[in-house]
Amino acid sequence: MTQVVAEQADVIVVGAGPGGSATAYHLAQHGVRVLLLEKTEFPREKVCGDGLTPRATKQLIKMGVDTSEEAGWLRNKGLRVIGGGVRLELDWPELASFPNYGLTRTRLDFDQMLAKRAAEAGAIVRTSTNVTGPVFAEDGRIIGVTAESGPGKEPVEFRAPLVVAADGVSGRFPLALNIRKRDDRPMGVAVRRYYNSPVKHDDDYLESWLELRSRENPDKLLPGYGWIFGMGDGRVNVGLGVLNSSTGYGKTNYRHMLLDWLATTPAEWGTADEENADGPILGAALPMGFNRTPHYSRGMLLVGDSGGMVNPFNGEGIAYAMESGELAAEIITQALARAEGAERERALQAYPAELKLRYGGYYRLGGVFVKLIGRPEIMKMATRYGMPQPLLMRFVLKLLANLTDPRGGDAMDRVINAMTRVAPAV
């Protein structure tokens with residue numbers, strides 16, 4: 001079949017997840033002609049991202065999303081931490097920089113909502129369009145993408161001087177430029193399942209389990225950490241994550257481990273009963289701490305999971321996908337206002353530099369944290385002696401969720417901000 005140029009734009013965004021849709025939204029807001037290409041149709045299921053911290057909530061508000069309960073969101077007040085025989089409820093901090101509430105909503109319609117906001121801002125959204133690779137100019141720069149479009153998978157080309165790769169953890173588009181994952185950065189895996197739970201479905205705290213016990217062997221601590229939080233629709237999201245610093249990483253049947261842990265939960269929750277399960281156990285990889293670089297090369301920018309931007313401290317990816325999308329849009333807009341060549345390249349190089357400035361030190365600390373909690377003896381000591389200290393745990397919450405005021409703030413904010421500034425950037 002003949003390859004035809006279907007459309008031309010100023011920017012092509014590959015992937016309509018939160019990072020891609022945020023990029024397209026902010027570009028359109030700046031008056032840039034942007035094509036947002038998504039391989040699936042909406043609504044579509046995704047594994048992770050139902051629970052959102054205030055950091056992600058701020059990005060939704062920036063995109064004009066109604067985050068009220070009337071609009072179908074369930075708000076949460078903070079994090080309930082369980083470990084070391086202690087149950088501690090920690091409210092989200094009161095900050096000038098972030099709202100004091102988080103949100104939950106199923107990914108089934110979350111991504112669709114963000115893509116719709118991008119379209120309403122002026123982005124051109126094309127679904128059922130599977131991008132298969134880049135189109136290169138003679139000098140090696142990207143000038144577009146090839147794709148298969150529609151139910152007939154017709155081969156087409158889309159042209160633009162800049163492309164944003166927001167195609168997730170697989171990063172097939174960056175791989176076409178030989179930008180591969182780095183083995184020296186943290187990596188995790190998460191599995192989750194929905195359960196019908198009349199008791200827990202409207203819980204106003206996200207719940208984190210630092211110790212997972214086995215029903216089969218009660219004296220055994222399972223690797224990783226767990227979570228349970230309400231969806232507000234009669235269901236809960238239950239799951240666990242394991243980091244590559246753990247001896248159980250890559251050697252564990254995660255599905256079996258999840259069921260083994262859930263068998264120890266209270267009967268009234270409904271999570272120990274297979275009859276209450278709503279759907280299969282699904283899993284996904286968590287690319288952390290800038291595990292794919294460089295974030296800009298030859299006309300392509302990496303956003304979100306494509307650039308390994310998941311927070312190593314807590315496994316949160318949506319906030320950083322949307323923040324990096326907003327940053328990419330700002331820098332692209334400035335770059336497009338310059339002449340092609342050295343001037344435009346100078347502007348685009350600000351993207352990796354700014355990412356490193358914002359997150360580099362923090363992700364370095366996160367990498368150290370991942371190595372420490374991968375050692376069971378350290379994790380056991382931390383939960384035993386740290387959990388009973390509410391003041392210390394409030395500090396830990398701010399650090400793990402990356403929730404501080406950058407200027408001013410309280411003593412905790414100043415300590416955390418100083419730590420991230422002095423840590424060598426990854």
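**Exercise 1. In which hand does α2 pass α6: left-handed or right-handed?**

Before starting, note that this is a predicted model, in which local features need pLDDT of at least 70, side-chain atom pairs count only at pLDDT 80 or more, and totals for chains, interfaces and linings use all residues. Residues are numbered from 1 along each chain as its sequence is written, and side-chain values use heavy atoms, with hydrogens and water left out.

*Solution.*
- Step 1: find helix α2 at residues 54-62 and helix α6 at residues 318-336. Helices are DSSP runs of H or I with at least four residues, strands are runs of E with at least two, and both are numbered from the N terminus.
- Step 2: the two axes come within 8 Å and cross at roughly 40 degrees. Axes are lines fitted to C-alpha atoms, for helices over the stretch in contact, and angles run from 0 to 180 degrees between N-to-C directions.
- Step 3: α2 and α6 are therefore oblique to each other (under 35 degrees is roughly parallel, over 145 roughly antiparallel, 65 to 115 roughly perpendicular, and the rest oblique).
- Step 4: the crossing of α2 past α6 is left-handed, meaning that the near helix is turned anticlockwise from the far one by less than a right angle; clockwise would be right-handed.

**Exercise 2. Describe how α10 and α11 pack.**

*Solution.*
- Step 1: α10 (residues 390-401) and α11 (residues 411-422) pack at about 45 degrees, their axes 10 Å apart.
- Step 2: α10 and α11 are therefore oblique to each other, and their crossing is right-handed.
- Step 3: contact means heavy atoms within 4.5 Å. In α10, Leu391, Arg394, Phe395, Lys398 and Leu399 meet Met412, Asp413, Val415, Ile416 and Met419 of α11.
- Step 4: sorted by class, this contact of α10 with α11 has 7 nonpolar, no polar and 3 charged residues (Ala, Val, Leu, Ile, Met, Phe, Trp, Tyr, Cys and Pro are nonpolar; Asp, Glu, Lys and Arg are charged; the others, Gly among them, are polar).

**Exercise 3. Trace the open sheet and find the helix that packs on it.**

*Solution.*
- Step 1: follow the 6 strands in the order β9-β3-β2-β13-β22-β21, with mixed pairing. Two strands pair if DSSP finds at least two bridges between them.
- Step 2: the edges are β9 (124-126) and β21 (296-297), each pairing on one side only.
- Step 3: β2 (residues 11-14) and β13 (residues 162-165) run parallel, joined by 4 bridges. Val13 stands opposite Val164 in β13.
- Step 4: α6 packs on this sheet and touches β2, β13 and β22 (300-302), and its direction makes about 170 degrees with that of β13.
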